[in-house]
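Here's a quick tour of a protein chain, starting from a spot in its interior and working outwards. Have the model open while you read.

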Amino acid sequence: MKTPLIPIDIISIYKNSSGYLQPLPSRMAKCTPDTYSAIFKIASDLSKKGGKLILSDLFRSYDMQAQSHYDYISGKKKAYSPAPGGSFHEAGRAFDLDLNAIKISLADFWNIAKKYGVYPIIDEPDTSKSEAWHFDCRGSHQIVFQYYDEGKGTNFKPYKAAAASAILSIGEKVDAFGGNQIQANIQSCIIRLGKEIGNIDGHIGYRTQNALEDLGVSFEINNLGKMLNQVENLVQQKFSSEFIMPSVS
Ligand SMILES: [Zn+2]
């Protein structure tokens with residue numbers, strides 16, 4: 001199956017007319033099961049230190065990301081926002097938080113987040129930096145990051161490749177792959193299953209074909225959907241926490 005997005009009930013920076021903080025609006029309040037677990041574990045650790053995890057953003061649909069990018073280009077929004085296809089927000093794997101509410105240093109927060117596989121996108125814990133509020137839960141797509149970082153794929157920067165992989169995995173489109181979304185999705189799965197096939201580019205070559213056969217998936221070029229299904233099932237077996245509704249303690 002595709003990586004599911006599940007609803008999450010979490011407090012946000014958005015206030016009602018009486019000035020009380022409201023849950024994150026439902027169009028944004030969706031994430032993958034592993035991100036869901038990580039968010040509540042971080043919130044719990046943080047509350048023990050007197051801080052609060054208050055979100056300002058989580059999931060963005062293709063259209064929401066396009067709008068956010070447009071607002072950045074037009075100068076309406078200062079924080080950088082990439083075009084659709086390059087953000088973990090589009091995969092339900094990134095959140096933005098209220099830095100004033102954490103009540104601990106950003107460095108201490110990084111250490112908490114790291115315990116649960118959640119990482120910042122800036123180099124040093126400096127709250128004055130743009131995107132200091134942004135965190136990613138990359139899950140198995142970290143394998144794609146590493147793969148590109150090691151030069152095994154070259155058509156994207158590592159971060160963008162990993163984000164594209166994460167977006168494909170929930171069944172959303174990535175424009176860079178044009179009409180070859182299923183092929184690119186198959187390639188993302190194969191790489192997360194540990195194979196080397198060159199770039200994720202939507203073009204199935206002999207390396208992809210060999211890797212599929214190694215994985216026990218019979219190659220049927222006229223049945224891409226069936227092949228995708230099979231590799232998605234292998235991914236699900238290997239990374240089950242990304243597919244199962246978490247139990248929160
Ligand atoms: Zn963000």
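Leaving aside residues up to four places away in sequence, Val 231 touches Ile 186, Cys 189, Ile 190, Leu 193, Leu 215 and Val 217. Bear in mind that this is a predicted model.

Val 231 is also part of something bigger: the largest nonpolar core, which has 57 residues. Val 231 is among the residues with the most contacts inside that core, along with Ile 42, Ala 161, Ala 164 and Ile 190. Helix H5, residues 158–169, gives the most to this core, with 7 residues. And where does this core lie relative to domain 1 and domain 2? Both domains give residues to the core, so it lies between them. As general background, nonpolar side chains tend to be buried together in soluble globular proteins.

Now for the two domains themselves. The domain assignment puts domain 1 at 6–137 and domain 2 at 141–241, and their C-alpha centres lie 27 Å apart. Across the boundary, 12 residues of domain 1 are in contact with 13 residues of domain 2. Here's how the side of domain 1 that touches domain 2 breaks down by class:

| Class | Residues on the domain 1 side |
|---|---|
| Nonpolar | 5 residues |
| Polar | 4 residues |
| Charged | 3 residues |

Zooming out, the protein chain has 8 helices and 8 strands. Its radius of gyration is 19 Å, close to the 18 Å that the globule rule gives for 249 residues, so the chain is as compact as a globular protein of that length. The C-alpha trace spans about 60 × 45 × 35 Å along its principal axes. Buried residues make up 39% of the 249 residues.

How values were computed
Residues numbered from 1 in each chain as written. Predicted model: local features only at pLDDT ≥ 70, side-chain atom pairs only at ≥ 80, totals over all residues. Domains from an automatic or database assignment. Contact = placed C-beta atoms within 7 Å. Nonpolar A, V, L, I, M, F, W, Y, C, P; charged D, E, K, R; others polar. Core = buried A, V, L, I, M, F, W, Y, C linked by C-beta atoms within 7 Å. Buried ≥ 20, exposed ≤ 12 C-beta atoms within 10 Å, placed from the backbone. Helix = DSSP H or I, 4+ residues; strand = E, 2+ residues; numbered from the N terminus. Rg over C-alpha atoms; globule rule 2.2 N^0.38 Å.
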